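Trainee: I have a new model open on my screen. Could you walk me through how to read it?

Mentor: Gladly; take a look, and then ask away.

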Amino acid sequence: MFYMYFFDFDSFWSELLWIMKFNILLSLFFTIFAIGFFIAIIWIRIYKNLRNEKKKEQHELLIEFLNSFLFDEDFEKEKEIRKFKEEHLRSSLEIKVTIKEILHFHENLKGESARELEALFSKLGLVEYILLDLKRGSWYTTARAINALSELCIVVPDHQIEIYLNDPRNEVRQQSQLYSLKLANENPLQFLNKTVRPLTTWQQIYIENALKNFYKGPPPDFSQWLDHELLSVVEFSIRMIARYNQFEHIQKLLPFIKHQSDIIRWEAINSLSSLEYTELLELIIPDFKKNSRLIKLEILEAVNKLGSHEELKRIGDQINTTDWELRIKYLNIEQGFLPDKKERIYSQFMLEKQFGI
Amino acid sequence: MGSILNHFTEIASWLFLIYGSIICSGYLFTAIYSLIEIRDYKRRNNFEDDIALLQSLNLPAISILAPAFNEGLNIVENVRSLLTINYPSFEIVIINDGSSDNSLELLIKEYDLEPKNILYHNFIETKEIKNIYKSTNKAFKNLTVVDKKNGGKADALNTGINICQHNVICCIDVDCILENDAMLKLIKPFLNNGNKVIASGGVIRVANSCVIEDGRLIEVKLPDTFVARVQVLEYFRAFLMGRMAWSRVDRLLLISGAFGMFDKQIVIEAGGYNTNTVGEDMELLVRMRRMMQERGVPYTVGFVPDPLCWTEVPQTWEVLQRQRNRWTRGTAETLWIHRKMMFNPKYKILGMLSTPFWFFFEWLAPLIEFTGILFFIVLLFMNQISLPVFLTFFFAVYTFAFLFSVTALFFEEYSFQQYKKPSYIFKLIGTALLEPIIYHPVVMWSAVMGNFDLLRGKNSWGVMSRAGLSNPVKEKKK
């Protein structure tokens, strides 16, 4: 009653203009949202801190556990694994931290220890968790699961991974490619036969890295993908033929220096010059003028690697005087071939530039 | 007469209200889009292995272009920091834009530079180059210093573009502090895309008061001054909310001049940086986009939300006003130069959404706000203001502004959480509470003056003095 005497809300509210009511309601709405976000910020902060604490604890526990598991001969493995699973693998966070930590350990171990870690991963029931992740349906859990499977070399039926080779998401495709590669005993790039989506340069970098650092078998015959439908796969194969010094495929590369795609032509010229195929110059110099700027630059680079000043001079006449990029590239190479005339070439160029020749 | 005035007042009030509501809705949409994009970005980048990248021969070589004008105080350290970037193949081109201090002498001495006759062509017209220097020390073989006549930042960058060797260029401010993996992250959009990527930009963060050692960020701290602290919030809003949202729909119109990567050939074909505008960074990207759109070539502009580059922001009101004045002129000039794109369906989303958004909500907003304040003063003098209505309206606007900043802070907490100390949260909340009444009017006024200066034909940057970043090692030596 006392309150009502001083402030009658109903009559106060009904006497307000509609615009004032609207403003007050908006202010209330914004304030509630702002407070909500503020609480969310504090909650995220506390949640992340607690999570980090928990991660740290789990991390320390795991380091002790993994060190004992791997290096302590008196460690009762079966009993301790059971104990760890019951006591420290109860929450999703504990499981995730454990997976991450085992992956991290695995990265730095080789041979017997790595195999033991893979066995431990299975005994802790983490494979089932990963397989659940794989089936969960969202692209990022799928990618994460395939990543863990490939890192720990856990074999699952082929069809379970193959379906992701042409997934719409780059990340899922990349992880499934790396899985297929890392777990292969031979022909690690077999997945390329089933690939129908272009490989990005990013994916090519990771495939090459996995080939060099994870795959232990004999290098694949890269020429088998030279007639692949995807230009990116052809491009990758041409490059790999050069990187792996597969000189026996030089003849197969030759048609690609006349390919209709600039990218493929560029890659073919670049790879053949890396393979030091000196006959290449006779094939590309006469056609210099017919090419695009990108290919012309690459032809000049090939002459720089494989040729002489005489061969370079054959190109000189084919360069338009206003094509400055080509002229500069040409003169830079010429300076390399004729170091004693370096200054003269420079002065001549500056003079021509000055008078617009 | 009174009735006409009443009608006019009512119509004007409604127009202001409608405009305000549209802006608020725009902010709401950008917030939602940004949240989705940040979440996706974090999920996308769970499995990266930098070592694989660093060992790769497939990463394109990058030319890092850094214009320098009177940077003698820190230039030697800044260059040293650039030289230690994690990237397999890069060159650094420092363009001394006619400095009147001893920047060049310091560089020559520290890096054993000597003049070299290097062949180059002015693909883009620039001021005269006096000399090009290369180091005699093999450790600095990827360093080139160009000494040229003063022509401004855009001209210096164009000179760098003419001189540099590689096809991907990264334009940065020489005093920026880059994260070690900044280049690896910024190049990713170029390599992981089906379309032609013409540029990619990163998030800029405020370095004031942070601990910097040998050109590397050691500890993130909240700036001591209010002016710099508000800009932390502003940068959250601009990068984590605004640009992330535009990047989601691939219609970003601005890559910050302090840190952006470009396809050199496309830049040259577009004509390089425009030396006649003070907003050369925005103008270049708009021109590149326009050119690609007119050619009908599918293309993309990438954006990386990781904090990759830290820069010093104005610490004083005076410098801040000069900066915002310039930004306004730059925006207006860019929009004017490319006015043909506005509401032009030929340019699709760019013409129908991006440029109108910039016109109405970036350039016009401060002018409308200023007109609103004038309108309010006139009504006040005419005794047409109802104080209770005004107060409720003011409170609604104020709470919205606060909500907007708190949302941005939430995005930061959710994504990268760079400000670790709990006290920073409360300081930032306090800053957000004060911003609408202390900081915002100054920024609005600077924008109004920017337009006024533009009409007067002012075309200079104004003196952008810096206080310098905190470097405990250097301070100890002193």
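Trainee: In chain B, where is confidence lowest, and where is it highest?

Mentor: This is a predicted model, and a general rule helps: where pLDDT is low, the predicted coordinates should not be read in detail. In chain B, the lowest confidence is in helix α14 (residues 472-477), with a mean of 47, while strand β5 (residues 143-148) has the highest, at 97. Residues 472-478 of chain B have pLDDT below 50, and beyond near neighbours in sequence this stretch makes 4 contacts in the model.

Trainee: What is the mean pLDDT of chain B?

Mentor: The mean is 90, and 95% of the residues of chain B reach 70 or more. The model as a whole scores ipTM 0.87 and pTM 0.89.

Trainee: Now the interface. How many residues of chain B are in contact with chain A?

Mentor: In general, the size of an interface is often given as the accessible area lost when the parts come together. Here we have residue counts: 39 residues of chain B contact 42 residues of chain A. On the chain B side, the elements giving two or more residues are α1, α2, α6, α12 and α13. The largest share, 16 residues, comes from α12(B). By type, that side of chain B has 22 nonpolar, 13 polar and 4 charged residues.

Trainee: One last residue: is A:Phe355 buried or exposed?

Mentor: A:Phe355, in the segment after α19 of chain A, is exposed because 7 other C-beta atoms lie within 10 Å, and the cut-off for exposed is 12 or fewer.

Terms used: Residues numbered from 1 in each chain as written. Chains lettered and ligands numbered in written order. Predicted model: local features only at pLDDT ≥ 70, side-chain atom pairs only at ≥ 80, totals over all residues. Contact = placed C-beta atoms within 7 Å. Helix = DSSP H or I, 4+ residues; strand = E, 2+ residues; numbered from the N terminus. Nonpolar A, V, L, I, M, F, W, Y, C, P; charged D, E, K, R; others polar. pLDDT = per-residue confidence, 0-100. Buried ≥ 20, exposed ≤ 12 C-beta atoms within 10 Å, placed from the backbone.
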